[in-house]
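I opened my notebook to look up how charged side chains pair up in this model. My plan is to take the pairs one by one and to note where each partner sits.

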Amino acid sequence: MEDLEVEELKKYKFEIGPIRPPSEGGSHSLLIRVTCNCPWSKCKFCYGTPYGREKFRKRGLEEIIKDIQSIKNIEDVIKRLAARFGSMDWVSHIIDPLFLYGKFFDELDDTEYKNIQSIINVYNWMCSGEKTVFLQDANSLVMSSKDLVTILKYIKKHFPQVERITSYARSSTLSRKSLNDLIMLKNAGLDRLHVGLESGDDDVLKYVNKGATADDHIIGGKKAKKAKIELSEYIMPGLGGKKLSRQHAENTARVINEINPDYVRSRPYTPNPLTPLYEEMINGEFELLTPHEYLKELKILVKNLNFEGRLCFDHMMNFWMKKDGKPLFSRNYEGYKFPDEKGRVLSLIDEGLSIDESVHEHKLEYLA
Ligand code: SF4
């Protein structure tokens, strides 16, 4: 089919990084890549593997602005196609490698793949109301605040319907940003930061080479809150192994209480064979918790929690199950409100502890 608008759609593409938080996937956020990969890539449990251990690089402002223009162009063409054919549903038939290129996904060359990936991201974002944007990759705050403000304002100008712009940030960078810069970023449209806290215990942080201390977490987190930027902190139950389990739980609760973030998101430690911590586990230096030990650690953490945000288990890494085979905790992105639902979370932990450990299948297929 020869169609001018379809041919025009094939002209545009923009950079998309490999990951974004699940909550941003749930809202089909538009993905705008402002830097590439992780500037640290040294945490022993991760090692930058989500980014293929590719070298970190900043992207030029012009390059990013050009991407946003491509997004605008894709959006315009999709709107015209939807108006012509009467529905967005119909447009979904066009966004098909067979229709556009006469090829299956795995036969596309790099340019064709990026084109389809870009169209899919814009299409899904449009279908969900164009409300949220996520700035990739691992630590957008390493950009100059001035450039980041330019990007945020550019997004707001071209997509005034956007209600929330979020990004990942490292505590070591966040704690070094001035409060004025954070307020400036908030005023330009940065609504939420996702921060990998992992642990509030300095021994654990040092052991896993996080490149941030408990104080960095507290200073950075409190500053973001003071700038009225919403804060999602990711914690990693089990990261201290058997040896540091108790102090990991107690100090993580202490740091969360000091920061008082809007969200705390649980991501239990799951060994990744491409990382140094996995090697240490195999040679016996690091002892992985059993499913019940994870829950006992979580119980210490939750008992000590005294904050006013939401505790979320919004990822399948929270592997514990109920007797009926359903997840022990809700995987809802809004999780459990504290302090109101603290008792409920503690009861669920007790329920998990009352079930035979074999039911909580912590999938470690590579250990077999
Ligand atoms: S900072 Fe984040 S992305 Fe980078 S290595 Fe550590 S956990 Fe991985």
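Is E24 buried or exposed? I looked up its relative accessibility in this predicted model, and at 1% E24 counts as buried, because the cut-off for buried is under 20%.

I then looked for the partner of E24, and I found that its side chain meets that of R164 in a salt bridge, with 3.3 Å from N to O. This pair links distant parts of the chain, since E24 lies in helix α2 (residues 22-26) and R164 in strand β5 (residues 164-169), 140 residues apart. R164 has 19% relative accessibility, so R164 counts as buried as well under the 20% cut-off.

My next entry concerns E112 and K103, whose side chains form a salt bridge at 2.9 Å, N to O. Here I noted that E112 is buried, with a relative accessible area of 12%, whereas K103 counts as partly exposed at 25%.

I turned after that to K210 and E198, which form a salt bridge whose closest N and O atoms are 2.9 Å apart. K210 belongs to the loop between α10 (202-207) and α11 (214-226), while E198 belongs to strand β6 (residues 190-198), and the pair links these distant parts of the chain across 12 residues. Both are buried: I wrote down a relative accessible area of 9% for K210 and of 8% for E198.

I also noted a network in which salt bridges with shared partners join D3, E5, E8, R80 and R84. For the whole structure, I recorded 28 salt bridges.

Terms used. Residues numbered from 1 in each chain as written. Predicted model: local features only at pLDDT ≥ 70, side-chain atom pairs only at ≥ 80, totals over all residues. Heavy atoms only, no water. Salt bridge = Lys/Arg side-chain N within 4 Å of Asp/Glu carboxyl O. Helix = DSSP H or I, 4+ residues; strand = E, 2+ residues; numbered from the N terminus. Buried < 20%, exposed > 50% of the residue type's maximum accessible area, 1.4 Å probe, protein only.
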